[in-house]
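Thank you all for coming. I would like to walk you slowly through one model, so please keep the sequence and the picture in view while I talk.

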Amino acid sequence: MASIIQVELHNDLLHPVRECLETIEIHNSKLAHFLCKAIPAQCPFERDITLFGRKLFQIPPMCKLNPLYEEVVGLRFRALCYLADECGEDITAYC
């Protein structure tokens, strides 16, 4: 029971941060480029551990444990959409 209360309290504490991240609008190409460079397209912690060409085990993507993961990825997506739709830039370098 205590863990459920802690999870609900944890979510309530992060709610203002989530709202702030979700309401950020991208109107500047420099900001969009910065966000696309700063937020990776894939989790940098996910790895396959191999030895002599054989996969021993995989380190799972730890980014999904981040409670703000969805909001940060959404912000990167909005920055990519701004660059592609509004600025007409090629975004393949960020994919």
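The chain has three helices and two strands, and if you follow these elements from the N terminus on, you will meet them in the order α-α-β-β-α. Please keep in mind that this is a predicted model, and that what I report has been computed from it. Of the 95 residues in the chain, 21% are buried. Among the contacts with a separation of 6 or more, 57% are made by residues that stand 24 or more positions apart.

Let me begin with the first helix. Helix 1 covers residues 2–23, and arginine 18 lies in it. Is arginine 18 buried or exposed? Arginine 18 has a relative accessible area of 16%, and because the limit for calling a residue buried is under 20%, arginine 18 counts as buried. The side chain of arginine 18 is joined to the side chain of glutamate 71 by a polar contact of 3.3 Å.

Now to the second helix, where I would like to look at the start before turning to the sides. At the start of helix 2, asparagine 28 has a side-chain oxygen that reaches to within 2.9 Å of the backbone nitrogen of lysine 30. Helix 2 itself runs over residues 29–38, and its buried residues are Ala32, Leu35 and Cys36. Why do these buried residues sit on the same side of helix 2? They do so because the arc that they cover around the axis is only 95°. On the other side of helix 2 you will find Lys30, Phe34 and Lys37, which are exposed. As for what covers the buried residues of helix 2, helix 3, at 69–86, is included in that cover.

Next comes the loop after helix 2, and one proline in particular. Proline 40 lies in the loop between helix 2 and strand 1, and it is partly exposed, with a relative accessible area of 43%. Which positions further along the chain can we relate to proline 40 in space? One of them is valine 73, 33 residues apart from proline 40 along the chain, with 8.7 Å between the two C-alpha atoms. Another is tyrosine 94, which is 54 residues apart from proline 40 along the chain, while the C-alpha atoms of the two are separated by 8.4 Å. Valine 73, for its part, is found in helix 3 and is partly exposed, with a relative accessible area of 35%.

These two residues, proline 40 and valine 73, come up again in the largest pocket, which has a volume of about 250 Å³. Of the 15 residues that line this pocket, those closest to its centre are Ile39, Pro40, Tyr69, Val72 and Val73. Sorted by class, the lining consists of 12 nonpolar, two polar and one charged residues.

Finally, I would like to point out one detail of the backbone. Phenylalanine 52 is found in the loop between strand 1, at 47–51, and strand 2, at 54–59. Its phi is near 55°, a positive value in a residue other than glycine. As a general matter, most residues other than glycine have a negative phi. Phenylalanine 52 is also exposed, with a relative accessible area of 79%.

That is the tour I had planned, and I am glad to go back to any part of it.

Conventions
Residues numbered from 1 in each chain as written. Predicted model: local features only at pLDDT ≥ 70, side-chain atom pairs only at ≥ 80, totals over all residues. Heavy atoms only, no water. 1 Å grid on protein atoms, 1.4 Å probe; cavity = no way out; pocket = protein on both sides within 12 Å on 5 of 7 lines; lining within 4 Å. Points joined across faces, edges and corners; volume = space filled by probe spheres on them. Nonpolar A, V, L, I, M, F, W, Y, C, P; charged D, E, K, R; others polar. Buried < 20%, exposed > 50% of the residue type's maximum accessible area, 1.4 Å probe, protein only. Helix = DSSP H or I, 4+ residues; strand = E, 2+ residues; numbered from the N terminus. Arc of directions from axis to C-beta. Contact = heavy atoms within 4.5 Å. Polar contact = N/O pair within 3.5 Å; in protein donor to acceptor, adjacent residues only side chain to side chain.
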